[in-house]
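Here is a walk through one chain, taken a piece at a time. Keep the model open and turn it as you read.

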Amino acid sequence: MIKKHQTKSMSFLVILFLLLGSVLFAHSGVKDINVLNRMKLMSSMSEHVKILGQMMKKQTSFDEKRVTETLNKILSLSEDTHSVFKVNATDPKSEAKSIIWRNFDDFIELSNQLSDTVKSTSISKYEDLRPAMMKIGAGCKACHRKYRE
């Protein structure tokens, strides 16, 4: 049972990293500054989630201070999401669905839920990483499933 749960958890995290990481290659050729700012924010969030993932996968050493800094940055970025999506801007490179602006209150609520999740997340030892990553990943996925191409 534990092995099945671990496999399912790792699969979820791999998919999350692929989704978040794909943003990194989307910036070239973006003409609208609002879209570019959104993409930069999401890329930064992806990079910070990746730091935690690398620690969880033991690709880098667990560092509680770095974890705290990373969580603080993810929190700040999640709180800034409102402002970068305020303008309904489009660009061929954008992965944001237009439904965001028709359901902006719901979009903001999902962003706030991610912020609340990060605020309530405590990682003081290696064993805390997996459950924290699952919660943070679920918050990212909830929004991406609805509002990202």
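How many residues does helix 6 have, and how far does helix 6 reach from its first C-alpha to its last? This is a predicted model, and in it helix 6 runs over residues 129–147, has 19 residues and reaches 27 Å. That is close to the 27 Å expected at 1.5 Å a residue.

## The chain as a whole

Let's step back for a moment. The chain has 6 helices and 0 strands, so if you read along the sequence the pattern is simply α-α-α-α-α-α. There are 149 residues, and 42% of them count as buried.

The accessible surface comes to about 8500 Å², with 55% of that belonging to carbon and sulfur atoms. As for contacts, take those between residues at least 6 apart in sequence: 74% of them join residues at least 24 apart.

## Helix 6 from start to end

Back to helix 6. Its buried residues are Leu129, Ala132, Met133, Ile136, Gly137, Gly139, Cys140, Ala142, Cys143, His144 and Tyr147. Leucine 129 is a good place to start: it lies in helix 6 and counts as buried because its relative accessibility is 0%. Setting aside neighbours within four places in sequence, leucine 129 is in contact with Leu52, Met55, Met56, Phe62 and Ile123. One of these, methionine 55, is 74 residues away along the chain, yet the two C-alpha atoms are separated by 7.9 Å.

Now move along to tyrosine 147, also in helix 6. Its relative accessibility is 4%, so tyrosine 147 counts as buried. The list of what tyrosine 147 touches, not counting residues up to four places away, runs to Glu95, Ala96, Lys97, Ile99, Ile100, Asn103, Asp106, Phe107 and Leu110. Glutamate 95 is 52 residues from tyrosine 147 in sequence, but C-alpha to C-alpha they are 8.4 Å apart.

## Two cysteines, no bond

Helix 6 also carries Cys140 and Cys143 among its buried residues. What does a search of the whole structure find in the way of disulfides? It finds 0. Cysteine 140 is in no disulfide, and the nearest cysteine sulfur, in cysteine 143, is 8.6 Å away.

Why is there no bond from cysteine 143 to cysteine 140? Because the 8.6 Å between the sulfurs is too far for one, given that a disulfide needs them within 2.5 Å. Both residues are tucked away by the numbers: cysteine 140 counts as buried because its relative accessibility is 6%, and cysteine 143 is buried with a relative accessible area of 14%.

## Rings and a charge

The structure holds 4 aromatic pairs. Ring pairs link Phe85, Trp101, Phe104, Phe107 and Tyr147 into a cluster. Tyrosine 147, then, brings helix 6 into this group, and Phe107 is also among the residues that tyrosine 147 touches.

Another tyrosine ring has a charge for company. The charged end of lysine 58 sits over the ring of tyrosine 126, 4.8 Å from its centre. Lysine 58 is in the loop between helix 2 (33–56) and helix 3 (64–85). Is lysine 58 buried or exposed? It is exposed, because its relative accessible area is 61%. Its backbone deserves a look too: lysine 58 has a positive phi of about 60 degrees although it is not a glycine. Most residues other than glycine have a negative phi.

## Two residues of helix 5

Helix 5 covers residues 104–119, and lysine 119 is in it; serine 115 is found there as well. Their exposure makes a neat contrast. Serine 115 counts as buried because its relative accessibility is 3%, whereas lysine 119 counts as exposed because its value is 52%.

What does each of them meet, leaving aside neighbours within four places in sequence? Serine 115 is in contact with Leu75, Ser78 and Glu79, and lysine 119 is in contact with Leu75 and Glu79. Leu75 and Glu79 thus turn up in both lists. Lysine 119 also has asparagine 72 at 8.3 Å, C-alpha to C-alpha, with their positions 47 residues apart in sequence.

Notes:
Residues are numbered from 1 along each chain as its sequence is written. This is a predicted model: local features need pLDDT of at least 70, side-chain atom pairs count only at pLDDT 80 or more; totals for chains, interfaces and linings use all residues. Side-chain values use heavy atoms; hydrogens and water are left out. Rings of Phe, Tyr and Trp (its six-membered ring) pair if their centres lie within 6.5 Å; planes under 30 degrees apart count as stacked, over 60 as edge-to-face and the rest as tilted. A charge sits over a ring if NZ of Lys or CZ of Arg is within 6 Å of the ring centre and within 35 degrees of the ring normal. Helices (H or I, at least four residues) and strands (E, at least two) are DSSP runs, numbered from the N terminus. The expected span of a helix is 1.5 Å times one less than its number of residues. Buried means under 20% relative accessible area, exposed over 50%, partly exposed in between (1.4 Å probe, protein chains only). Contact means heavy atoms within 4.5 Å. Accessible areas come from the Shrake-Rupley method with a 1.4 Å probe; for residues, only the protein chains shown count as cover.
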